[in-house]
Each structure stands twice: as C-alpha cells, then as structure tokens.
Amino acid sequence: MANQRLELTWIGKGEEPAVEPRILLHDLSKDYGDPNAENMLIHGDNLLALKALEQQFAGQVKCIYIDPPYNTGAAFEHYDDNLEHSIWLRLMKARLEILRTLLAPDGSIWIQIDDEEQAYLKVICDEVFGRNNFINMISVNMKNIAGASGGGEDKRLKKNCEYILAYAREYSLLPLFNGPYQYTEMSELIRQYIDEGKSWKYTTVLVDPGQKEYVGSTVDGDGNEIKVYLRKNPIILSIKQIAKRNGISEKEAYQKYGINVFQTTNAQSSIRTRIMDYRREQGITEDLLSIEYVPKTGRNKGLLYEQFYKGEKCRLFVWLRDTSEVIDGELYKKDLQGTYWDMNAWMKNVAKEGGGVDFPNGKKPEQLVRQIIEMTTTPGELVLDSFLGSGTTAAAAHKLGRTWIGIELGEHAYTHCIPRLKRVIDDEDRTGITQDVDWHGGGGYKFYELASSLIEKDKYGNPVISDKYNPMMLIAAVAKLNGYFFAPDPDVFWKQGHSQDKSYIYVTTVYLDAKTLDGLAAEVSPMEHLLICVPAFDTGLSLRYENIQVRKIPQSVLDKCEYGVNNYDLNIADIPDVDEEDCEDA
C-alpha cells in the first residue's frame, strides 16, 4: 500500500519496448533556402525521430506545440485516428516522456485535444510532467456554434471548442508570458461602457508634468532607495477640455494624447504607504509628486521606473498606455487573454493558409500557433512540433524568426510540408500571419530522413547489422547507441566520436588482433579513454588495457533497446531509401 500512487492504467502499460535511438540522415537534395539555417524538417516515425534528437537537443527546446490525432473514431485521410483506447494512451505517453526530456528547464509544452480524450490526456500529463507543473487548460473556439457540426439534433450539444493542455518543464523556472492580448478600439470600448452603464475612468490627461525638483529620498521595505520629486506647475486637463480647446473630437483627443491619459487609484501597496508617510514627515504641500526607483519584482523588474502620486492621499496614476496600444493610427485597449481563445475568425480562412494546402479535419490556423509561440519564446529560440501535419507550426515559427524542428511521418511531409515551407521562404505565401508579422521571405531548412533499424535478423534468426548501413552510418549509429557524439577527427582516424573531453569511440568492421590493439594503445594517452567496437577480436583483448575497452558488434548494442519494432507508429509507413552518398549523420 505504501508504494501506491494516483495514476492512469491501461492494458500493456509498463511493458513498452525501449526506443531505438536511430540516426538521422541528412538529405542534401531536399534542403531549401539558406544553407546555414538550423531549422530541421524530419520525415519518419515521430517517436523514433524524437529519440534520435534526444542526445543533441535534450533540455534545448523552449516551446513544444503538438496537435496529435484525437482518437475520435473517425478515419482521417492522413492518420489512423481510430485506435483502440489503450493503444492511443500508450503511444501518447511514450512520446510525452521524450518530449519532456527535450524541453528546456524554462520551457513549456502545449497539447491540443478535443473532449474525447482530454480528461485521460490530462492524467497522463500529470504523471509525465508532474501535476505541480500544470499551467492551464485553454478552451479554444474553433468554429461558430451556428455552423458547428456534431450534436444539437440529438442528446448532445454541438461542439465548437477544443482544448489545449499547457505544462511547464519546471514551473518555478517558467518566465512570465508575453501576452496574448485582445484588442478593442478605444472609442468602441468607451461606447460599450456607456451603453452598459459602466463608468469609464480614463478621462484625464497629464498635458505637462511640470518642472521636476528633487526633494529627497526614502527607502522601500528592503532598504532600496526611492527618490522623491516635486512637480511644479503641472497641467492636467480632461479629455473633454482638450477636445474643446483644440477643436477636435474626443476620439481624436485620445489618439493624440493617449499615452498621457490616466486615472488615479488608492492602490494598496507598501511603496504608496511609504510615500504618504514621507510626504507627511517632510511637510510637503504640492499636489503632484513623482518617484523614481528600481522594482525588484513585476514587469518593470530591474528597470528605473517612474510613478506619479496626486494629493494628500497620494492617489497613484494608472496610465492608459500600460493597457493600450496604437495600431495603424488607432488607439486600442489591450487586455491579457484568459483561458478562452476565440479562433473562429481565423478558422474561416484556414483552408487557404499555406497556399491552399489541403488537410481536412486537422489544420490549425497560424494565428493560434503564433499566439503560443509569441507568449513563450523570443526570436531565435527553438520550437518543436512532432505532429507537423500540414506544416502550420513550422510556417508560423519561421515567419516569427524562431528556430524550429518539425517531424512528420506521412507522405504529406513531401506533399504538404515541403511545398508550404518553400513558399514561406520564397515570400510566395501571403496567407496566415504573413502580413500581420510583416514577413518578406528568407531563411531555410535542412531535410532529414530517419534511418532504418540498425539490427535485423538473418535467415537463421540471428541478429546482424542491417545491410542498409554503410560504414559511416554504422559508426554514427554505434556511437549514438553507446552515448557518444558522432564527430570524426580528420587527423586521428580512431577518434570517431566523443562523450566527455577525453573519452572517444572507434568503430571498425575489421577483425581486431593484439598487434592492431597494441598499435592503437601506443597512440592513446593515459589520460584518454577509448571504446573500440568491432565484429570480432582476439581472446583477452577486452582486459589488455585499463583505458581501452573492446566490445563486439552487434552484441555491444543489443541490450540498448528493441530493434526493428514498428508498433511505435501511429500509421505504419515505409521510409524511402535515401542516396547514402548524399547523406550525413545529423
């Protein structure tokens, strides 16, 4: 009883095969755009591809967005979305475990799902990521209820929402989100307030802050300095007064003076209380004061910040500019969105996005992915989607200046993702978020194929190295399986990969005898360690040198994982052969 814990169970849980860490083959013929681009488009089973990325990218991905098959019971053209429930749970958990490994310590993952599996997926995510790392569940309006399909005529309501489960790798390290915001044109917002009988309080303008005169300093609760200034002869007018004085409309007054519009509040804060005490202690009688200090927390953390206080009770100025933005000459009130996102307007044109890439029942609008990427990343940071589908995440990330990795199993890696991303790079895609983010083309990506399984059975049922592996691929695969980075040294033939600074691997298909080993040992310094992997070797060589270890291929890698297992796949597909002369290990 003491070892029991709350978790979701299903048939076969805990019996999953270890995932084979295959290599990725770089297909130069399918690269596009800037040859120095770091973006990666990968064709192959996403579980195996994620495992292939694990060695290099563990802890490097800032944002993951995935839109996996929903297991709805409907047969999709590009996915087998009619999986038995336990299989779906097993497939998802295996992928989520590696995705967590890839996440940066301050990264987050966003998983879109519908109500068929949402509750089960939430429990799996609690187990994989930790319930304390749960951020939010977001409801996303994906279609107008009037046109929604499914239900309404029977015992079920029409579906118009999907859900996004958001988790942090480590919640305590997660930075504040960069939005997202909803925008309302200011005059429209004021009219709404009037129509609803609400009080609109942003009606006063600090036309002139007056002459600034230093009066002295006080300190906050932690002893940090707060400089206090008197404001001599300030000019404060109402919006109505300004409109009348300048012969303009109130809307025009907001547009012209919006950054100086404010309201006052009796905010309960330790800083305000300290300023009230200081005002009384110093016998200050001026109506307007300002202070300068460096906040230790909040959105202005670490920055020199100015605040204004009015009257004996030190009513704090709250600026309209802090919650508004000028867009194309119009002033908009911006409000941080909650956990309901309305994508209905974007869904109306989603079929046209990406140059009309057709992906029925699975395509998501670029605006949705943009919102997540902009909330969680800054330009240059890494975004990953292992269910790339029609290429939406890669397209949105590319236009936003993020580095991206996209993985897609099906043929639409070629028929959907490649054409769409080429149009983005060539500035031929004017759909989606292109104009909103002022995208004008550029960049590029590298294309990779997932290699076939390293080990296969011969006609007698014995494990042997696959004949699809050339010598360089074999070295790369064996290095990866033994935890080494494939990095051949052009000057030292036996340094084909490294794990730590002085630990190397040498893989050869030639029989290793004592004379050859002694020759190698003469070149390996006592401070270096060398792992040699060979098909066969003389008896006793594995113990001949303390700093040289000899292992037999394929026995040296057989216990690492289960080879040739295809039941990872959501949809089994043959991986096309790649010209190995044009390939290099990723």
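1. To begin with a loop residue: P488 counts as partly exposed, because its relative accessibility is 43% (buried means under 20% relative accessible area, exposed over 50%, and partly exposed in between, with a 1.4 Å probe and protein chains only). P488 sits in the loop between β25 (485-486) and β26 (helices, H or I and at least four residues, and strands, E and at least two, are DSSP runs numbered from the N terminus). Leaving aside residues up to four places away in sequence, P488 touches K495 and Q496, where contact means heavy atoms within 4.5 Å. Its C-alpha atom is separated by 9.5 Å from that of I505, 17 residues apart along the chain.

2. A word on the basis of these remarks. This is a predicted model, in which local features need pLDDT of at least 70 and side-chain atom pairs count only at pLDDT 80 or more, while totals for chains, interfaces and linings use all residues. Residues are numbered from 1 along each chain as its sequence is written, and side-chain values use heavy atoms, with hydrogens and water left out.

3. I505 leads us on to β27. Strand β27 (residues 503-507) is largely enclosed by the rest of the structure, because 5 of its 5 residues are buried. Have a look at the two faces: S503, I505 and V507 point one way, Y504 and Y506 point the other way, and all are buried.

4. Next, the partners of β27. Strand β26 (residues 497-498) pairs with β27 in the antiparallel sense over 2 bridges; two strands pair if DSSP finds at least two bridges between them. The two strands form a hairpin, with 4 residues between them, and H498 stands opposite Y504. β27 also runs parallel to strand β28 (residues 529-534), joined to it by 5 bridges. Here V507 stands opposite C533 in β28.

5. The connection from β27 to β28 deserves a look too. Together with helix α14 (residues 514-523), these strands make a right-handed β-α-β unit. Right-handed here means that, with the strands pointing away from the viewer, the path from the first strand over the helix to the second runs clockwise.

6. Now to the open sheet. It has 8 strands in the order β10-β11-β14-β15-β16-β13-β9-β12, with antiparallel pairing. β10 (211-219) and β12 (235-238) stand at the edges, each with a single partner strand, so one side of each lacks a neighbour in the sheet. On average, neighbouring strands of this sheet are turned by 40 degrees against each other, direction ignored. At the β10 edge, 8 antiparallel bridges link β10 to strand β11 (residues 225-232), and Y214 stands opposite Y229 in β11.

7. Helix α5 (residues 239-246) lies across β9 (204-208), β12 and β13 (261-265), and runs at about 90 degrees to β12. For such angles, axes are lines fitted to C-alpha atoms, for helices over the stretch in contact, and the angles run from 0 to 180 degrees between N-to-C directions.

8. Q182 makes a nice example of a contact across the sequence. This residue of strand β8 (residues 181-185) is partly exposed, with a relative accessible area of 41%. Q182 touches K333, K334, D335 and Q337, not counting residues up to four places away in sequence. The C-alpha atoms of Q182 and K334 are separated by 5.5 Å, although the two are 152 residues apart along the chain.

9. Finally, the cysteines. With a disulfide taken as a pair of cysteine sulfur atoms within 2.5 Å, the count is 0 disulfides. C314 counts as buried at 1% relative accessibility, whereas C161 is partly exposed at 22%.
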